[in-house]
Structures are given as structure tokens and as C-alpha cells.
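The exercises below ask you to read helix packing, aromatic pairs, burial and backbone angles from one model. Each task is followed by a solution that goes step by step.

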Amino acid sequence: MVWPDFQENSGLFRDLRQEIKSKLSLGPQSHFLIGISGGPDSMFLAYFFIWLRAREGCQLSLAHFNHQLRPEFDEEETHGLAAFARTWDLAFYTATADVRALAAQRQAGIEEAARAARHHFFQETLVRLQREAGLDSPNPFPLLALGHNQDDLVETVLINLGRGTGLDGLSSMPYYDGRILRPLLGLSSQEIRDFLRDRGLSYYLDQSNAQDLYLRNRIRQEVLPAWRAALGYDPGPQLLKHTESLRSERQALDQTAGMALAACRLPSSNQLNLKSLISWPLGLHYRILQQFFQESLQAESFTLTDQQYKQIAKTLADLPGQASFDLGQGWVFLVQGYLGQVTLVIK
């Protein structure tokens with residue numbers, strides 16, 4: 001197969017390659033599942049990884065999720081991406097779901113339901129790829145590569161800030177977290193579109209992005225232009241560095257919370273001495289409890305909600321005392337005993 005000239009002479013691609021190599025090893029053992037929507041960001045990402053495969057020998061697959069939000073375009077888009085995958089000899093995985101129905105069922109926003117359904121499909125596909133490789137495969141678990149760019153990161157920070165999220169929300173969307181790789185966080189949306197336009201590379205346009213139906217669209221169309229105009233510059237690069245710094249602080253807090261948890265844990269693996277817990281700084285309490293619940297339930301995905309934590313925090317302020325907390329899925333936590341032990345009870 002002949003590689004297009006644009007891939008041979010792009011300093012931008014070389015810079016992206018160098019950044020990835022500073023984070024992880026590349027080679028035939030590397031397998032990337034590229035989440036592809038057909039939009040400019042994910043198409044740029046696909047072209048970059050095709051270029052990378054020619055130099056590093058890594059394995060590539062494409063994953064496309066049809067949200068059924070644009071019936072007049074969705075089928076055409078899926079067929080077009082399948083043809084793209086055949087052209088470049090890429091495995092192509094696809095799935096679909098009625099996201100509007102899912103949102104209504106879960107009483108969630110459409111954007112939230114779409115993201116949940118899409119990532120569930122991505123994770124299922126990663127497991128499938130690992131299973132197809134065989135349990136004794138020397139290759140590591142495939143990585144999911146997503147086309148989030150710098151503008152996406154700025155929008156996410158502003159959305160989370162408006163929702164009152166703490167450090168975790170403000171340091172979200174990491175470049176690489178061991179499972180997901182986002183190579184394009186250092187590029188703006190305009191840089192990506194200019195690259196594709198200058199080389200005559202096509203992509204699909206989602207017309208809903210021009211509408212103000214969704215919060216992210218309103219942030220993109222109204223808030224960001226006004227913010228840039230008021231500042232007189234694009235805050236994206238500075239915000240990217242800021243989120244990286246916050247992520248380092250978050251990791252330090254998580255490590256400290258782990259040490260605190262070990263000091264607070266009672267001989268029974270599902271019990272804590274809450275008197276000991278409250279001797280630690282208040283800013284660690286949520287993280288200590290979050291880690292305790294995840295370990296006790298053996299459920300890494302479990303998240304203690306703000307409302308649940310507020311209820312527990314009130315009890316911590318009134319120790320000694322007794323209380324129970326229903327955390328859903330049949331899990332109940334009891335605060336009891338003179339020492340304020342937390343005991344896990346399975347209904």
C-alpha cells in the first residue's frame with residue numbers, strides 16, 4: 001500500500017509520535033483501539049495512527065458507535081467509516097443504541113447517556129480484542145485512543161467548574177491514564193481542521209454541533225469566544241498545563257489518602273476506626289472513604305456521591321453515634337460502636 005505524501009513530511013505527526021513515546025513503548029506489541037466518529041478530530045487521529053503504524057508496526061482497530069441521534073446521516077457515516085477501514089486494512093467494530101430512549105430510561109441528559117453507552121461499547125470491544133488475542137498473548141491490554149483536543153479539555157473544565165466539581169473534575173481528561181490515550185490534547189480544533197483542509201482530507205460534519213441544544217455546544221459557541229476576546233488570547237495552552245499540575249496534586253492526595261486508610265483500617269478488612277479517620281485533614285476524608293468503599297466492595301467503578309458523602313460527614317461530625325447509609329445495589333454501611341466503626345452489610 002502506498003502511503004500518502006502528507007504522512008511522510010508532517011512535523012506535526014512526528015511531534016505527536018515523540019510525545020506518545022515519552023509515555024509508553026511502541027512496537028508490534030502495541031494495540032490501539034481508535035474511537036472514531038467520522039468528525040475532524042477522530043479522522044485526524046486515525047490518519048495519524050495509520051502513519052504511526054508504518055513506522056512502529058503497532059496494531060490498529062477502529063470502533064464506531066451509532067447513537068441514532070441523526071437518522072438521516074448515521075447509516076451513511078457508518079458505511080463510509082467501514083469503507084475507510086477496509087481501505088487501510090483496519091479491523092472495524094461498530095454498535096448502535098437508541099440514546100434518546102436510554103436517556104429517558106435513566107433520567108439522564110442525552111449527552112450523558114450517549115457518553116455512557118459509547119464508553120460501554122468501547123470497553124466491551126477492548127475485552128473482545130484481548131480475548132481474540134488469547135489469554136497467553138504477550139501483548140498488553142489494548143489501549144483506547146480518543147480524539148479529544150485542547151478545546152474539548154477547556155470546555156470540560158468550564159462545564160465541571162460550573163457544576164461545582166472539585167479537584168477531580170477540574171483535572172479530568174488526562175493525556176494518558178494507563179487505559180485511555182488522548183494524543184491530541186495539545187492541538188486546537190482549528191489546527192486539526194487546517195491540517196485536514198490543507199491536505200484535502202475529508203471528514204463528516206455533525207450538524208448538531210452548530211445548534212445550542214446541548215450545554216457543551218453553548219459553551220463552545222458563546223462562552224469560549226467571549227472569554228478569548230476578554231483575555232485577548234487563547235487560554236487553552238495555559239489551562240492544559242494547569243490541569244496537568246492539578247492532576248499531580250490529585251495523585252499526591254490519593255497516595256496520602258491510601259496511607260491514611262491503612263492507618264484507620266481495623267483488623268476486619270471491612271471496618272474503619274472513624275475516630276482515627278477524623279484526625280486526618282478534612283480534605284482527605286472523602287478520598288479515604290472512597291478508597292475504602294472501592295476496596296471493600298471490590299468495585300473500582302463505585303463512586304461515593306456528594307449527597308452520600310454529606311450524610312456520612314454529618315455523622316462524622318457527631319461521633320460517637322450510630323447511623324446507616326443505603327448506597328444502592330444492596331449495599332448498606334453502618335456506623336456503630338464506641339469507636340465509630342463502619343461495617344459493610346450486604347442485604
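Rings of Phe, Tyr and Trp, the last taken by its six-membered ring, form a pair if their centres lie within 6.5 Å. The model used throughout is a predicted one.

**Exercise 1. Aromatic rings**

Task: Find which residues form one aromatic cluster together with Phe 13, and describe the pair that Phe 13 forms with Phe 44.

Solution: Begin with the total, which is 13 aromatic pairs in the structure. Phe 13 and Phe 44 make one such pair, with 5.5 Å from centre to centre and 80 degrees between the planes. Planes over 60 degrees apart count as edge-to-face, and the pair of Phe 13 and Phe 44 is accordingly classed as edge-to-face. Next, place the two residues: Phe 13 belongs to helix H2 (residues 11–21) and Phe 44 to helix H3 (residues 40–56), so the pair ties together parts that are 31 residues apart in sequence. Both Phe 13 and Phe 44 are buried. Finally, the cluster itself is made up of Phe 13, Phe 32, Phe 44, Phe 48, Phe 49, Trp 51 and Phe 195.

**Exercise 2. A second pair, and the helix that holds it**

Task: Classify the ring pair of Phe 292 and Phe 293, and then describe helix H13 by its span and its buried residues.

Solution: The rings of Phe 292 and Phe 293 are 5.5 Å apart, centre to centre, with 50 degrees between their planes, and the pair is tilted. Burial is judged by a relative accessible area under 20%; Phe 292 is buried because its value is 0%, and Phe 293 is buried because its value is 1%. Turning to the helix, H13 (residues 282–297) has 16 residues and reaches 24 Å from its first C-alpha to its last, close to the expected 22 Å. The buried residues of H13 include Leu 284, Ile 288 and Leu 289 among the nonpolar ones, and His 285, Arg 287, Gln 290 and Gln 291 also belong to the buried set. Just after H13, Gln 298 has a positive phi of about 50 degrees.

**Exercise 3. Two helix crossings**

Task: State how H7 packs on H10 and how H5 packs on H6, and give the classes of the residues in each contact.

Solution: Two packed helices are described by the angle between their axes and by the distance between those axes. For helix H7 (residues 150–162) and helix H10 (residues 215–231), the angle is about 100 degrees and the axes are 10 Å apart. That angle makes H7 roughly perpendicular to H10, given that 65 to 115 degrees is the range for this term. From H7 the contact takes in Asp 151, Asp 152, Val 154, Glu 155, Thr 156, Leu 158 and Ile 159, and among their partners in H10 are Leu 215, Arg 216, Ile 219 and Trp 227. By class, the contact of H7 with H10 has eight nonpolar, one polar and six charged residues.

For H5 and H6, the axes come within 8 Å and cross at roughly 110 degrees; H5 and H6 are therefore roughly perpendicular to each other. Val 99, Arg 100, Leu 102, Ala 103 and Arg 106 in H5 meet Ile 110, Ala 113, Ala 114, Ala 116 and Ala 117 in H6. Sorted by class, the contact of H5 with H6 has eight nonpolar, no polar and two charged residues.

**Exercise 4. Positive phi in loops**

Task: For Gln 68 and Gln 107, give the loop and decide whether each residue is buried, partly exposed or exposed.

Solution: Most residues other than glycine have a negative phi. Gln 68, however, has a positive phi near 55 degrees, and this residue lies in the loop between strand S2 (59–66) and helix H4 (71–87). With a relative accessible area of 33%, Gln 68 is partly exposed. Gln 107 likewise has a positive phi, near 55 degrees, and lies in the loop between helix H5 (99–106) and helix H6 (110–133). Its relative accessible area is 76%, so Gln 107 is exposed.

**Exercise 5. Two buried residues and their neighbours**

Task: Describe the surroundings of Thr 78 and of Met 43.

Solution: Thr 78 sits in helix H4 and counts as buried at 15% relative accessibility. Leaving aside residues up to four places away in sequence, Thr 78 touches His 64, Asn 66, Phe 92 and Thr 94. Met 43 is found in helix H3 and is buried, with a relative accessible area of 5%. On the same terms of counting, which leave out residues up to four places away in sequence, Met 43 touches Ile 36, Gly 38, Leu 81, Phe 84, Ser 202 and Tyr 203. Met 43 and Tyr 204 are 161 residues apart in sequence, and their C-alpha atoms are 8.8 Å apart in space.

Key: Residues are numbered from 1 along each chain as its sequence is written. This is a predicted model: local features need pLDDT of at least 70, side-chain atom pairs count only at pLDDT 80 or more; totals for chains, interfaces and linings use all residues. Side-chain values use heavy atoms; hydrogens and water are left out. Axes are lines fitted to C-alpha atoms, for helices over the stretch in contact, and angles run from 0 to 180 degrees between N-to-C directions. Helices (H or I, at least four residues) and strands (E, at least two) are DSSP runs, numbered from the N terminus. Angles under 35 degrees count as roughly parallel, over 145 as roughly antiparallel, 65 to 115 as roughly perpendicular and the rest as oblique. Contact means heavy atoms within 4.5 Å. The expected span of a helix is 1.5 Å times one less than its number of residues. Buried means under 20% relative accessible area, exposed over 50%, partly exposed in between (1.4 Å probe, protein chains only). Rings of Phe, Tyr and Trp (its six-membered ring) pair if their centres lie within 6.5 Å; planes under 30 degrees apart count as stacked, over 60 as edge-to-face and the rest as tilted.
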